[in-house]
Protein chains: 2
Amino acid sequence: MASNMASKKDIRLITFDLDNTLWDVEPIVARAEKTMRDWIRAEHPGFVARFDFREFSRLRHAVVTERHDIAHDLTALRTEVLRRAFVEGGYTASEAEVAAVNAFDVFYAGRNTVEYFPGALEALTVLGRDFRLCALSNGNADIQRVGLGHLFSGHFSAASVGAAKPDPRIYLAALAASGVTPAQAIHVGDHPEQDIAAAAGVGMRTVWVNFTDQVWPDLPPADAEITGFDELVPVIRRLAGV
Amino acid sequence: MASNMASKKDIRLITFDLDNTLWDVEPIVARAEKTMRDWIRAEHPGFVARFDFREFSRLRHAVVTERHDIAHDLTALRTEVLRRAFVEGGYTASEAEVAAVNAFDVFYAGRNTVEYFPGALEALTVLGRDFRLCALSNGNADIQRVGLGHLFSGHFSAASVGAAKPDPRIYLAALAASGVTPAQAIHVGDHPEQDIAAAAGVGMRTVWVNFTDQVWPDLPPADAEITGFDELVPVIRRLAGV
């Protein structure tokens, strides 16, 4: 009993998924894509006259199929799709490279303009006083640009690690870089397999973020579940035994 | 006579101004600003409801007056103006910082989507076979993003050097980094004082780019003048004595 209490009090690291855990990602990506297409229409009217935007999905499928080397790097994937589109629209290789990088940048500015779930930043600020916080995601959000740079000590992403959740490597990299054991860490995320089962698989404790009234699938349950960010600080304190 | 010929044949470096020398910059900046404002309207409707865009010119004046430390860095200036605008629009310091960086990125993607003057890239490609080429500008174009990365060995800008043309330091930095004497270098630019008089002042030869039928002011003339990029390669070969 006493040793169990001591172990509970030794939580040092809390890792957070980003997309759909700290903010709703679908409207952000949809809006960023629209902005990027508007930008392409304004800046590259000659290209637009020759290229049908509906071809993007075919190009995306081709790139995902052919380029396993960049499969986990959403920035590289998206830029490659754009590059191929500009080539199909009649641009030279170097023109297409330049246009793709600039178009991606417009997308990326929107992709990092997020609206946090209510209470998310407040909860992170409070937890940051007692715990090391770290992002652990499959997406390509930039923790500096979304305004988390002062709160998070790092970001382990599918692109930076070269493997996507539920692969345990991304969790193990965050633990190793933070110098903590799995038992000293809690992962917070929305996805039953990628976040909860994967983190539990390496020995971390888990908090399931369930803001959309999902039904838990046929998997071992998370250590805790929250339905709003006002619940996070007390839940973490309970799991940490403090 | 013989030694003069030998000296002429020793041209090794050609430096180029960018804005208004390789492309017309005013429509690019105007379009990029419009795109950025459209982006702000789409991504930050709450801010737009509280902030009048006409206030940007007042903020720009205030920043230019107060922030001499970033006077030569157009990227820093523009981002600071945006940051102050978001603060005036009710954002917290960190929200404003994030919004300003993302808004600047949209501007910057457009600012680097340039349309070269006819024949410019062809002339640079030909000259790049025989000479080291280098950008030397007061503006904040990115030579990689505008598609010059493979042609230019470097870019000395007012922001990177900390002084703007006609200050000789920006020219001296390019010469020093390239390991050439002023007599071994030719500068190509559109501005009589900032490009031609300043480059001549450090001992470089000069080519005046005059595509808009300007009248030469009361200054010593350039070594050559061109009215289109088809004239550049023969002019450089003549100056270089090859």
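How many salt bridges does the rule find over all chains? The count comes to 40 over all chains, where a salt bridge is a side-chain nitrogen of Lys or Arg within 4 Å of a carboxyl oxygen of Asp or Glu.

Before the details, a word on the ground rules. This is a predicted model, in which local features need pLDDT of at least 70 and side-chain atom pairs count only at pLDDT 80 or more, while totals for chains, interfaces and linings use all residues. Residues are numbered from 1 along each chain as its sequence is written, chains are lettered from A and ligands numbered from 1 in the order in which they are written, and side-chain values use heavy atoms, with hydrogens and water left out.

## How the two chains meet

Let us start with the interface. Chain A brings 19 residues to the contact and chain B brings 18 residues; contact here means heavy atoms within 4.5 Å. About 1,700 Å² is buried between chain A and chain B, with carbon and sulfur atoms giving 53% of that area. Buried area is the accessible area (1.4 Å probe) that two parts lose on being put together, summed over both. On the side of chain A, the residues that lose the most area to chain B are Glu43(A), Asn102(A) and Arg145(A), together 29% of what that side buries.

Charged and polar pairs cross this interface too. Four salt bridges are counted between chain A and chain B. Arg145(B) pairs with Asp105(A) in a salt bridge. The rule also finds 10 residue pairs in polar contact across the interface, both residues at pLDDT 80 or more. A polar contact is a pair of N or O atoms within 3.5 Å; within protein, one must be able to donate a hydrogen and the other to accept it, and residues adjacent in sequence count only if both atoms are side-chain atoms.

Which elements of chain A give two or more residues to the side that touches chain B? They are α2 (25-43) and α6 (93-111) of chain A, and α6(A) gives the most, with seven residues. Helices (H or I, at least four residues) and strands (E, at least two) are DSSP runs, numbered from the N terminus. By class, this side of chain A has seven nonpolar, eight polar and four charged residues. For that tally, Ala, Val, Leu, Ile, Met, Phe, Trp, Tyr, Cys and Pro count as nonpolar, Asp, Glu, Lys and Arg as charged, and the others, Gly among them, as polar.

How are the copies related? Chain A superposes on chain B after a rotation of 180° with 0.0 Å of shift along its axis (RMSD 0.0 Å). That is the relation of a two-fold axis. In chain A, Val106(A) has the C-alpha nearest the axis, 2.5 Å from it. The superposition is by least squares on the C-alpha atoms of residues with pLDDT of at least 70 in both copies. Of the interface residues of chain A, 95% are also interface residues in chain B, so the copies meet through the same surface.

## Salt bridges by name

Here are some of the pairs, with the distance between the closest N and O atoms.

| Salt bridge | N to O distance |
|---|---|
| Arg145(B) and Asp105(A) | 2.9 Å |
| Arg58(A) and Glu88(A) | 2.8 Å |
| Asp195(B) and Lys165(B) | 2.7 Å |
| Asp167(B) and Arg169(B) | 2.8 Å |

The pair of Arg58(A) and Glu88(A) links helix α4 (residues 56-66) with helix α5 (residues 74-88) of chain A, 30 residues apart. Arg58(A) is partly exposed at 40% relative accessibility, and Glu88(A) is partly exposed at 43%. Buried means under 20% relative accessible area, exposed over 50%, and partly exposed in between (1.4 Å probe, protein chains only).

In chain B, the side chains of Asp195(B) and Lys165(B) meet in a salt bridge. Asp195(B) sits in helix α10 (residues 192-201) and Lys165(B) in the loop between α8 and α9, so the pair ties together parts 30 residues apart in sequence. Both Asp195(B) and Lys165(B) are buried.

## Backbone features in the loops

Most residues other than glycine have a negative phi, and most peptide bonds are trans. The peptide bond from Lys165(B) to Pro166(B) is cis, with omega near 10°, and Pro166(B) lies in the loop between α8 (158-161) and α9 of chain B. Asp213(A) has a positive phi near 60° and is exposed, with a relative accessible area of 70%.
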